[in-house]
Amino acid sequence: MKHLAKWLDDALFYEIYPQSYLDTNSDGIGDLNGVIEKLDYINGLGFNAIWLNPCFDSPFCDAGYDVRDYKKIAPRYGTMEDMQRLIDEMHSRGMHLFLDLVAGHTSEEHEWFKASKSSADNEFSDRYIWAGEDDVFKNAGIGGMAKNTEGRKGKYHYNFFTVQPSLNFGFAEVTAPWQTPAGSPAAKRTTEAIKDIIRFWCLKGVDGFRVDMAYSLVKAEKEGRAGTIAVWQDIFAMMDEEFPECAMVSEWGNARESSLAGFPMDFYMQMNSLGFGDMFDYGDPEDVDGTPFFSEKGEGNAAVFAKDITRLLSENAGRGYLSFITGNHDIHRRPRCLPDAQFKITYGFIYTMPGVPFMYYGDEIGMREVLDLDPVEGSMYRTGARTPMQWSSAENAGFSQADEDELYIPLDSDKNRPTVEQQLADSDSILNFVKSILAFRKANPALKASAGTEFLFAQEDTYPLVYRRFCAEQSLIVAVNPADRAVSADISRELRLKPVFVFGGGAQVNASKIEMQPQSFAIFEEIR
Ligand code: NOJ
């Protein structure tokens, strides 16, 4: 995208998994009216944008990532009028809304696929990737091939579950007669169909999309993903022309490629990103043996991360932002035993990083993963990270008035489960920390998405982590020590600093040295 929508520079996103947020019609499943009801809460925390996970008509074999009709709201979430009200209510508060665009596959129940799998030739016959019954496709990268059971004889390619047939954007390299090249008329028609969906929603006022598996449209890609990049460049040319203030964030995990494709934002996440796993503990919620940087054990290493980010920022300069996440619907929540201080220090870090950050619903109260749940709608290992939002001490934690056993996913049964109600009332809560760090970010231009970043101290197996954020008007130095011990960093230059944000024991500055108390976080302003 040539044009970086200006509002992104100050955007603070909140991800809502609609099934689990707030149920207003007592059917056990969250809905759009529930999101509308909570807009003042979300905005009051400091968020000014929302990414809503798929809310479209779907048989829900993958929680809505199997779209049956891109232009229809799933009845369980409400109606098109409700969606319009959500858009309008958000805009009246100065907020922006992203929907979830599943661009690479549909549900097997989508009308396109129903036509495509019919034995009669029609305009959708090549909308998906089809091979003969005996053909093999080894170079898929993702997904696989599944046999069609009715109508057309043959196999189709799917991206994730077999019920998610892959749309045909062509092949980077054609090695069999059943493959169409990227850029072929069939592939172009698919791209136009995606543009049509984008137009439909942008014309209703939606501000853009999070794009599912954005990297994987063209199949059999070589390193560099030139084919998929070209498809997105075509789509962004339309966006620049018709909806220059709309934006998209890619699930790509490679900001260099995604920004070439035109994406103004790419998620920095577990896939392909070297430093992510070093920093955070989104592994098994019961496994506390790991040594991420953000742990009171203090055995982690931020050096790889700092190198990775420095590289991504320079490769990307001016073209797009990184998007840090506190979590999402695909990864585990952080370990249940994590102390509150660790959440606060992590959020202090995330909200002082460059780019456009996203917080997953519930992370503002340190909501914990629920263990040993049965999968729901293809959730697999992800169920426990998708449980109902914990609002209050009311029945079903204020999520729903349905019977407890009717809830979409069971609630955390721990009687000490954190709730919004309790944390709003506690000035020391994680929620109130989130509120203050978001307010701080908004008030300081050096923390804008586009402001500069320089790591001052990020050494192998050593704490703390120290970095500078800067712009023409301001220079801030951020020091982060999740470890349960006092640590210090020599920045090797004389520092003239005034503390402007402190958590825990904070930090003291002594000539070129920053000394930090255990489990603390501090921001200083440079006196110039
Ligand atoms: C990524 C989504 O975030 C995930 O929830 C989904 O299952 C797959 N893509 C397939 O669409």
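Which residues in α3 meet which residues in α5? I would like to begin there, bearing in mind throughout that what we have in front of us is a predicted model. On the α3 side the contact involves M80, M83, Q84 and I87, and on the α5 side these meet F200, W201 and K204. Sorted by class, the residues of this contact of α3 with α5 come out as 5 nonpolar, 1 polar and 1 charged. As for the geometry, helix α3 covers residues 80-92 and helix α5 covers residues 185-204, and their axes, which come within 10 Å, cross at roughly 60 degrees. The two helices, α3 and α5, are therefore oblique to each other.

Let me stay with α5, since α5 also passes helix α6, which is made of residues 226-242, with axes that come within 10 Å and cross at roughly 35 degrees. The crossing of α5 with α6 is right-handed. Here α5 contributes T191, E192, I194, K195, I198 and R199, and these meet V231, D234, I235, M238, M239 and E242 in α6. The class count for this contact of α5 with α6 is 6 nonpolar, 1 polar and 5 charged residues.

The next helix pair is α10, residues 340-350, and α12, residues 430-443, where the axes again come within 10 Å but cross at roughly 15 degrees. Helices α10 and α12 are therefore roughly parallel to each other, and their crossing is right-handed. From α10 the contact draws on D340, F343, K344, Y347, G348 and I350, while α12 offers I430, F433, V434, I437 and R441. The residues in this contact of α10 with α12 divide into 7 nonpolar, 1 polar and 3 charged.

Turning now to the domains, the assignment for the protein chain gives a domain 1 built from two segments, 6-104 and 186-442, and a domain 2 that runs over 452-526. Taken over C-alpha atoms, the centres of domain 1 and domain 2 are separated by 29 Å, and the contact between them takes 31 residues from domain 1 and 27 residues from domain 2. How much area is buried between domain 1 and domain 2? The computed value is about 2200 Å², and carbon and sulfur atoms give 70% of that area. On the domain 1 side, F293, I345 and F440 deserve to be named, as they supply 27% of the area that domain 1 buries against domain 2, more than any other three residues.

I will finish with two details of the backbone, both of them in loops. The first is the peptide bond that joins Y463 and P464, which is cis, with omega at about 0 degrees; P464 lies in the loop between β14, residues 452-457, and β15, residues 465-471. The second is A63, which is a residue other than glycine and yet has a positive phi, near 50 degrees. You will find A63 in the loop between β3, residues 56-57, and β4, residues 69-73.

Notes
Residues are numbered from 1 along each chain as its sequence is written. This is a predicted model: local features need pLDDT of at least 70, side-chain atom pairs count only at pLDDT 80 or more; totals for chains, interfaces and linings use all residues. Side-chain values use heavy atoms; hydrogens and water are left out. Axes are lines fitted to C-alpha atoms, for helices over the stretch in contact, and angles run from 0 to 180 degrees between N-to-C directions. Helices (H or I, at least four residues) and strands (E, at least two) are DSSP runs, numbered from the N terminus. Angles under 35 degrees count as roughly parallel, over 145 as roughly antiparallel, 65 to 115 as roughly perpendicular and the rest as oblique. A crossing is left-handed if the near helix is turned anticlockwise from the far one by less than a right angle, and right-handed if clockwise. Contact means heavy atoms within 4.5 Å. Ala, Val, Leu, Ile, Met, Phe, Trp, Tyr, Cys and Pro count as nonpolar, Asp, Glu, Lys and Arg as charged, and the others, Gly among them, as polar. Domain bounds come from an automatic or database domain assignment. Buried area is the accessible area (1.4 Å probe) that two parts lose on being put together, summed over both.
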